[in-house]
Every structure is written in C-alpha cells, then in structure tokens.
Amino acid sequence: LDAAADIAAHPEHYLPHHADRLRVAMDEPVGDELDARTALRLAALFHDIEKPSTRTVSADGRVGFMGHDRKGAATTRRILRRWRAATSTIRFCMLLVAEHLRLGFMVHDRPIDRRDGYRYLKATAPHTHASVVVSLADRFATRGIRARQAYVRAHTQTADELLQVVAELESEDREPLLR
C-alpha cells in the first residue's frame, strides 16, 4: 500500500521517462469521487487477498499461490459491492487485482515487442498505467529471496520498456485490418 501510494505520488523517481503520463493517469476520475491515485490504494490493499486460500507447497518445498489473482478479483468484487462502491471503482480494483502479475511475467520476455505491448494494453485498458503502478509496488514490497535488487531493477526496466511500447501504440491512428 505504501509503495503504491509513493509510486503514484512520485512517478518521476520510479519511471522518469513516463512521469507525465503516469501523473495524468493518476488524476483520472474512477468513481465514488475517487481519482485513480486514491482508488489505486484500494486495489493495492486487495491485490493478494486470496493468497492464504490458494497457498500450496510442492514436494520440493516451494510455496505457490496459483490463481490468487483471479480469485482475489472475485473477492474484491464481493467486498466492494458490500461496501456499496461505485461499479466503476469495483471494475478498476478488479482489473488491477486480476492483472497485477502480468508485468512480472513479462520480465523474462524482454525486450518487449509491439505484440506484448498490445496484449498488455488490451488486458489492462483503460487503466494500463495504474496496472503498472500496482505491479511495481508489489515487487518493491516483496521480502526475502525474491526481493533482490536485480529483480527489482529488472521489473522496473520492464515497466519502462512496456510503457514506451504502450505510448507508441496509443499514439498510432491505424485503421483496423478487418471491420
């Protein structure tokens, strides 16, 4: 939660090449009189809510949380409905919870090509920039062996590459191949 709030408040420190676009994205209204910067905190609060229920230990002792992202999105919806949140706020939080792992999986597929950028954009639109913030915050808050600086640096570099590709894709005005 702290990492997400700090990235949203100081994008120039974390992703300096994209700070202006991130700042604009964080100012976008989401619902319930919340801007993305504020609603992002709700998503960060809920992003790992289903880790306890999805925890598994393999024969070699590795701990995993398969499906915690999708299950967490459903739980987020139930809780926010109970809180009578606006539908747009619920959709925002569900999207960020469901997709918070996507950027991390892209770290191993660098460099990011247009196809990867397009898929990420389609999966996270219209809150692509907020999705990147939640993913970075999740990585920054990681403790233990998975918190090595090399992993944090690789995640940040991947986010930077991805946002560059997304900016290029968003600036294009192409006609669809098929109608």
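Here's a short tour of this predicted model, stop by stop.

**Stop one: the core.** Start by selecting Leu15, Met26, Leu40, Phe92, Val132 and Leu162. The largest nonpolar core has 45 residues, and these six touch the most other members. In soluble globular proteins, nonpolar side chains tend to be buried together. Now stay on Leu15 and show what surrounds it. Leaving out residues up to four places away in sequence, Leu15 touches Leu22, Val132, Leu136, Thr156, Ala159, Asp160 and Leu163.

**Stop two: a pocket.** Next, pick helix α9, residues 114-124. This helix gives the most to the lining of the second largest pocket, with four residues. To see more of the wall, add Leu169, Glu172, Arg174, Glu175, Pro176 and Leu177, which are among the lining residues. The space inside comes to about 420 Å³. What is the lining made of, by residue class? It divides into six nonpolar, no polar and five charged residues.

**Stop three: salt bridges.** There are eleven of them in the structure, so to speak a tour of their own. Select Arg21 and Glu170, whose closest N and O atoms are 3.0 Å apart. This pair links distant parts of the chain, with Arg21 in helix α3 and Glu170 in helix α11, 149 residues apart. Both ends are partly exposed: Arg21 at 35% relative accessibility and Glu170 at 39%.

Then jump to Arg110 and Glu161, which meet in a salt bridge at 2.8 Å, N to O. Here a loop between α8 and α9 is linked to helix α11, across 51 residues. Finish with Glu12, Asp20 and Arg23, joined into one network by salt bridges that share partners.

Methods
Residues are numbered from 1 along each chain as its sequence is written. This is a predicted model: local features need pLDDT of at least 70, side-chain atom pairs count only at pLDDT 80 or more; totals for chains, interfaces and linings use all residues. Side-chain values use heavy atoms; hydrogens and water are left out. A nonpolar core is a set of buried Ala, Val, Leu, Ile, Met, Phe, Trp, Tyr and Cys residues joined through side-chain atoms within 4.5 Å. Buried means under 20% relative accessible area, exposed over 50%, partly exposed in between (1.4 Å probe, protein chains only). Contact means heavy atoms within 4.5 Å. On a 1 Å grid over the protein atoms alone, a cavity is a set of points where a 1.4 Å probe fits but cannot get out, and a pocket is an open set with protein on both sides within 12 Å along at least five of seven lines; lining residues have an atom within 4 Å of a point. Grid points are joined across faces, edges and corners, and a volume is the space filled by probe spheres set on the points. Helices (H or I, at least four residues) and strands (E, at least two) are DSSP runs, numbered from the N terminus. Ala, Val, Leu, Ile, Met, Phe, Trp, Tyr, Cys and Pro count as nonpolar, Asp, Glu, Lys and Arg as charged, and the others, Gly among them, as polar. A salt bridge is a side-chain nitrogen of Lys or Arg within 4 Å of a carboxyl oxygen of Asp or Glu.
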